[in-house]
Amino acid sequence: MDGLGIIGWIVLGGLAGWIASMVAGTNQSQGLIGNIIVGIIGAFIGGFIFGLFGGSGVSGFNLGSFLVALVGAVVFLFIWKAITGRKAA
């Protein structure tokens with residue numbers, strides 16, 4: 001898990017998912033658990049995206065890992081909204 005324990009993934013995922021939900025306009029309908037899940041999925045997606053460009057993914061509890069998770073979470077939410085047809089609140 002690249003230096004993050006389960007608590008680190010939950011905290012990093014929760015923060016990234018919460019900020020991403022505000023950017024994507026889904027904050028009102030997501031909730032705490034939704035933010036955590038979105039942030040963790042976003043960390044994997046962000047790691048993949050950054051890896052395509054030669055960058056690194058989530059490497060621990062730091063600003064760089066947070067930004068990777070945030071970018072991935074925003075991408076995930078916009079894709080999710082496009083698939084489900086949900087509009088911003």
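**Three helices, questioned**

Modeller: In helix α2, the buried residues are Q30, G34, N35, I36, V38, G39, G42, A43, G46 and G47. The model is predicted.

Colleague: Take G42. What makes G42 count as buried?

Modeller: Its relative accessible area. G42 has 0%. The cut-off for buried is under 20%, so G42 is called buried.

Colleague: Where is G42, and which residues does it touch outside its sequence neighbourhood?

Modeller: G42 sits in helix α2. Beyond four places in sequence, it touches V68, A69, G72 and A73. V75 lies 33 residues from G42 in sequence, yet 7.6 Å away from C-alpha to C-alpha.

Colleague: Now N27. Why is N27 called partly exposed?

Modeller: N27 has a relative accessible area of 25%. Buried needs under 20% and exposed needs over 50%, so N27 falls in between. N27 too belongs to helix α2.

Colleague: What does N27 contact, neighbours within four places aside?

Modeller: W18, S21, M22 and N35. G17 is ten residues from N27 in sequence, with 9.1 Å between their C-alpha atoms.

Colleague: Now the helices themselves. How do you know that the span of α1 agrees with its number of residues?

Modeller: Set one value against the other. At 1.5 Å a residue, the 19 residues of α1 should span 27 Å. The end C-alpha atoms are 26 Å apart, so the span agrees.

Colleague: How does α3 compare with its expected span?

Modeller: α3 has 22 residues and reaches 31 Å from first C-alpha to last. The expected value is 32 Å, and α3 comes close to it.

Colleague: And α2, at residues 27–52: what does the same test give there?

Modeller: α2 falls short. A straight helix of its 26 residues would reach 38 Å, but the end C-alpha atoms of α2 are only 29 Å apart.

Colleague: Where does α2 bend, and by how much?

Modeller: At I33, by about 80 degrees. That angle is taken between axes fitted to the seven residues ending at I33 and the seven starting there.

Colleague: What describes the packing of two helices?

Modeller: The angle between their axes and the distance between the axes. For α1 and α2, the angle is about 120 degrees and the distance is 6 Å. Their crossing is right-handed.

Colleague: Which residues meet where α1 and α2 pack?

Modeller: From α1, W9, I10, G13, G14, A16, G17, W18, S21 and M22. From α2, N27, Q30, N35, I36, V38, G39, I40, A43 and F44. By class, this contact has ten nonpolar, eight polar and no charged residues. Gly counts as polar, so the glycines here fall in that class.

Colleague: What do the buried residues of each helix pack against?

Modeller: Those of α2 pack against α1 (6–24) and α3 (63–84). Those of α1 pack against α2 and α3. Those of α3 pack against α1 and α2.

Colleague: Which residues of α1 and α3 are buried?

Modeller: In α1, they are G8, W9, L12, G13, G14, A16, G17, A20, S21 and A24. In α3, they are S65, F66, V68, A69, L70, G72, A73, V74, F76, L77 and K81.

Colleague: What is the sign of phi just after α1 and after α2?

Modeller: Positive. G25, just after α1, has a phi of about 80 degrees. G54, following α2, has a phi near 85 degrees.

Terms used
Residues are numbered from 1 along each chain as its sequence is written. This is a predicted model: local features need pLDDT of at least 70, side-chain atom pairs count only at pLDDT 80 or more; totals for chains, interfaces and linings use all residues. Side-chain values use heavy atoms; hydrogens and water are left out. Helices (H or I, at least four residues) and strands (E, at least two) are DSSP runs, numbered from the N terminus. The expected span of a helix is 1.5 Å times one less than its number of residues. Buried means under 20% relative accessible area, exposed over 50%, partly exposed in between (1.4 Å probe, protein chains only). Contact means heavy atoms within 4.5 Å. Axes are lines fitted to C-alpha atoms, for helices over the stretch in contact, and angles run from 0 to 180 degrees between N-to-C directions. A crossing is left-handed if the near helix is turned anticlockwise from the far one by less than a right angle, and right-handed if clockwise.
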